[in-house]
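Here is a friendly walk through a two-chain model, from the overall fold down to single residues. Please keep the viewer open as you read.

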Amino acid sequence: MASVVPVKEKKLMDVKLGELPSWILMRDFTPKGIVGAFQRGYYRYYNKYINVKKGSIAGVNMVLAAYVLFSYCLSYKELKHERRRKYH
Amino acid sequence: MNENLFASFITPTLMGLPIIILIIAFPNILFPSPNRLINNRLVSFQQWLIQLVLKQMMTMHNLKGRTWSLMLISLIMFIGSTNLLGLLPHSFTPTTQLSMNLGMAIPLWAGAVITGFRHKTKASLAHFLPQGTPIPLIPMLVIIETISLFIQPMALAVRLTANITAGHLLMHLIGGATLVLTSISTPTAMITFIILVLLTVLEFAVALIQAYVFTLLVSLYLHDNT
């Protein structure tokens, strides 16, 4: 149950399932930590799909598709009424 | 149907939080800044595009007018990307809100006019009276020119708002009509084709930015450097 390496320094894939709540609670939730998390995520995506020698259009398209999904979720409340039903 | 038509123009909020700030800041992600001499394809493509626009727009200005290059190029990039992103399904276009367009038009126009008044006062005032007018007409013409000057920022803002809003509204209407007509299939093909053509024409929303910045540009040039 207790591991040799401290829980805080492990990556997500190495954390055992029982240790997950304590791992989540030990993450850095200060503003600086949250900004750092967004930066890491952005650069991870950017360096994998866009900042490559022969980047294709798919790198930008995935971002646009995520944007469309996000906008759909935001406007779901109004779109609910446009379904094809007998009784709305 | 009546309420649904304008529902897409409501400012988006998520449980009271203004998501519109995220939506306005979103095109910023799509323009990464160049780090190296030779960049990845996205950045190189944007660099080429910006150089094209820059050469087209800034050649007619003198040294003083060219200090506005950064402002004008970022303006056209912002309005262009925002309008094009609004063509995606279910997305919200910030430029449909008159408040935002007024916020863009009035400071820029005022900056141009005030720069002209500060540096070339006599020439700026002389714009109110075209050359060679008959003497009895002078008072009326000065009033007309003043009105036409003050209407410029309003025209800039309302032109952009009305064009984009009208285009989106028309697409909603025609799309809805097509959907209803599928069960009565004779004019369906024709209406769908009209939608397609309208969407293509609307893609020339980019041309609208051209109109926006170009008009702004002409005004700047006239007031500042003549």
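The report below starts with the chains and then turns to helices, cores and a few individual residues.

## The two chains

This is a predicted model. Chain A has four helices and zero strands, which read along the sequence as α-α-α-α. Of its 88 residues, 17% count as buried. Chain A exposes about 7800 Å², and carbon and sulfur atoms supply 65% of that area.

Chain B comes to ten helices and two strands, in the pattern α-β-β-α-α-α-α-α-α-α-α-α. Here 38% of the 226 residues count as buried. The exposed area of chain B is about 13500 Å², with 74% of it from carbon and sulfur atoms. Among contacts in chain B with a separation of 6 or more, 70% join residues 24 or more positions apart.

## Annotated transmembrane regions

For chain A, the UniProt annotation "transmembrane region", from an unreviewed entry, covers residues 56-76. In the model, residues 56-76 of chain A are 86% helix and 0% strand, and the end C-alpha atoms lie 31 Å apart.

For chain B, an unreviewed UniProt entry places the feature "transmembrane region" at residues 6-31, 67-86, 98-117, 137-158, 164-181 and 193-222. Two of these can be set beside the model. Residues 98-117 of chain B are 100% helix and 0% strand, with end C-alpha atoms 28 Å apart. Residues 137-158 of chain B are 95% helix and 0% strand, with end C-alpha atoms 31 Å apart.

## Helices α3 and α6 of chain B

Helix α3 of chain B runs over residues 41-58. At 1.5 Å a residue, its 18 residues should span 26 Å, and the 25 Å between its end C-alpha atoms agrees with this. Its buried residues are B:Leu42, B:Val43, B:Gln46, B:Val53, B:Met57 and B:Met58. Seen down the axis of α3(B), these fall within an arc of 100°, so they line one face of the helix. On the other side of α3(B), B:Gln51, B:Lys55 and B:Gln56 are exposed.

Helix α6(B) has 22 residues and reaches 32 Å from its first C-alpha to its last, close to the 32 Å expected at 1.5 Å a residue. The buried residues in α6(B) include B:Met100, B:Asn101, B:Met104, B:Leu108, B:Trp109 and B:Val113. Small residues such as B:Ala105, B:Ala112 and B:Gly116 are buried there too.

## Nonpolar cores

Which residues have the most contacts inside the largest nonpolar core? They are B:Leu72, B:Leu75, B:Ile79, B:Met104, B:Tyr212, B:Val213 and B:Leu216, in a core of 25 residues. The elements of chain B that give two or more residues to this core are α3, α5 (69-85), α6 (98-119), α8 (138-181) and α10 (205-225). Apart from this core lies another, of ten residues, among them A:Leu64, A:Tyr67, B:Ile20 and B:Leu30.

B:Val213 is a good residue to select in the viewer. Leaving aside neighbours within four places in sequence, B:Val213 is in contact with B:Met57, B:Leu72, B:Leu75 and B:Ile76. Of these partners, B:Met57 is one of the buried residues of α3(B).

## Three residues to look at

A:Tyr46 sits in helix α2 (residues 31-50) of chain A. Is A:Tyr46 buried or exposed? Its relative accessibility is 9%, so A:Tyr46 counts as buried. Beyond its neighbours within four places in sequence, A:Tyr46 is in contact with A:Asn51, B:Pro32, B:Asn40 and B:Val43. A:Tyr46 and A:Val60 are 14 residues apart in sequence, and their C-alpha atoms are 9.8 Å apart in space.

B:Thr161 belongs to helix α8 of chain B and, at 10% relative accessibility, counts as buried. Outside its neighbours within four places in sequence, B:Thr161 is in contact with B:Thr95, B:Thr96, B:Gln97, B:Leu98 and B:Asn101. B:Asn101 is also among the buried residues of α6(B).

B:His90 is found in the loop between α5 and α6 of chain B. Most residues other than glycine have a negative phi. The phi of B:His90, however, is near 65°, a positive value in a residue other than glycine. At 39% relative accessibility, B:His90 counts as partly exposed.

Note on methods:
Residues numbered from 1 in each chain as written. Chains lettered and ligands numbered in written order. Predicted model: local features only at pLDDT ≥ 70, side-chain atom pairs only at ≥ 80, totals over all residues. Heavy atoms only, no water. Expected span 1.5 Å × (residues − 1). Buried < 20%, exposed > 50% of the residue type's maximum accessible area, 1.4 Å probe, protein only. Arc of directions from axis to C-beta. Core = buried A, V, L, I, M, F, W, Y, C linked by side-chain atoms within 4.5 Å. Contact = heavy atoms within 4.5 Å. UniProt positions renumbered as here; feature names shortened; annotations may be inferred. Areas by Shrake-Rupley, 256 points an atom, 1.4 Å probe, with all protein chains shown as cover.
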